[in-house]
Amino acid sequence: MEAYKKEFVDFMLDSQVLKFGDFTLKSGRKSPFFMNAGLYVTGTQLTKLGEYYATAIHNTYGDDFDVVFGPAYKGIPISVAVSIAYSKLYGKEIRYCSNRKEAKDHGDAGILLGSPIKDGDRVVIVEDVTTSGKSMEETVPIVKAQGDVEILGLMVSLNRCERGKGTKGALDEIKELYGFETSAIVSMDEIIDYLVEKGVIDDELNSRLDAYYEEYGVK
């Protein structure tokens, strides 16, 4: 696993964004781990988060895109942080754009905030994590409605490596349904291997993780 991925795992733990325990997800699944990107709240944390995303996007999709789109709500600060990081790390000005949950009818009116998306733009979507891919049902039509644009790919911070709505992983289902690439800064498989090696995940927790993936993992 690349050094920046290991650093990112340590960063998630230090920020208490990634936790192990007993959690009930929105899907109703009982999970031995949980990730909450809403806990990135300081300037230092958001700076680092943007740099990890920018590095992963650069390594996966390159630099030939124009806009980073972050779906409301957690995607909004991520998209801003990524655009700042891209300028700092790669000297390229990437515009950020996000959506509002409710359209604004005065001043800066409309459903979008940040940069408009226009014909010819290539877009990378950023999210914190996706379990079922449901958010893409809202996000993709919003982006496509802005004109003749191309969605280059989706980048999330964590691939949970579990089934979405069917038998495939959520990221694979999104790729199959919408036709664009999907990727993550790090996968749960990589995290488990790394933290077992470091001694952070003990035998008891590892057994619980194995049981969870036996039930919900991608076969």
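**Notebook: a look around this fold**

**C161 and S187**

I began with C161, and this residue is buried, with a relative accessible area of 13% (buried is under 20%, exposed over 50%, partly exposed in between, using a 1.4 Å probe and protein chains only). I am reading a predicted model, where local features need pLDDT of at least 70 and side-chain atom pairs 80 or more, while totals for chains, interfaces and linings use all residues. Residues are numbered from 1 along each chain as its sequence is written, and side-chain values use heavy atoms, without hydrogens or water.

Where does C161 sit? I found C161 in the loop between β7 (150-159) and α5 (170-178); helices (H or I, at least four residues) and strands (E, at least two) are DSSP runs, numbered from the N terminus. I also noted that C161 has a positive phi of about 60°, although C161 is not a glycine.

From there I went to S187, because C161 is among the residues that S187 touches, and C161 is itself buried. The full list for S187 is L158, N159 and C161, leaving out residues up to four places away in sequence (contact means heavy atoms within 4.5 Å). S187 belongs to strand β8 (residues 181-187). Is S187 buried or exposed? S187 is buried, with a relative accessible area of 13%. I then checked S187 against V9: they are 178 residues apart along the chain, yet their C-alpha atoms are separated by 9.8 Å.

**Other loop spots**

I looked up V41 next, in the loop between β2 (30-35) and α2. V41 is exposed, with a relative accessible area of 60%. V41 and S15 are 26 residues apart in sequence, and I read 9.2 Å between their C-alpha atoms.

Three backbone details went into my margin:

- Q16, a residue other than glycine, has a positive phi near 60°, and I placed Q16 in the loop between α1 (3-14) and β1 (18-24).
- The peptide bond from A72 to Y73 is cis, with omega near 5°; Y73 is in the loop between β3 (67-70) and α3.
- G179 comes just after α5 and takes a positive phi of about 85°.

**Buried faces of α4 and α5**

Which residues of helix α4 (residues 134-144) are buried? I listed M136, T139, V140, I142 and V143. They cover an arc of only 165° around the axis, so they lie on the same side of α4 (the arc is that of directions from the helix axis to the C-beta atoms).

I did the same for α5, where A170, L171, E173 and I174 are the buried residues. Looking down the axis of α5, I see these buried residues fall within an arc of 160°, so they line one face of the helix. What covers them? The cover includes α4, β7 and β8.

A reminder to myself: an α-helix has 3.6 residues a turn, so residues three or four places apart point the same way.

**Helix pairs**

I took α2 with α3 as my opening pair. The axes of helix α2 (residues 43-61) and helix α3 (residues 75-90) come within 7 Å and cross at roughly 70° (axes are lines fitted to C-alpha atoms, for helices over the stretch in contact, and angles run from 0 to 180 degrees between N-to-C directions). The two helices are therefore roughly perpendicular to each other (65 to 115 degrees; under 35 is roughly parallel, over 145 roughly antiparallel, the rest oblique). On the α2 side I wrote down L46, L49, G50, E51, Y53, A54, T55, I57 and H58, and on the α3 side P77, I78, A81, V82, A85, Y86, K88, L89 and Y90.

Then I turned to α1 and helix α6 (residues 188-198), which pack at an angle of about 80° with their axes 11 Å apart. That makes α1 roughly perpendicular to α6. K5, K6, V9, D10, M12 and L13 of α1 make the contact with E190, I191, Y194, L195 and K198 of α6. I was pleased to meet V9 again here, after its pairing with S187.

My last pair was α6 with helix α7 (residues 203-216). Their axes are 12 Å apart and the packing angle is about 165°. That makes α6 roughly antiparallel to α7. Which residues make this contact? I noted M188, I192 and V196 of α6, with N206, L209 and Y213 of α7.
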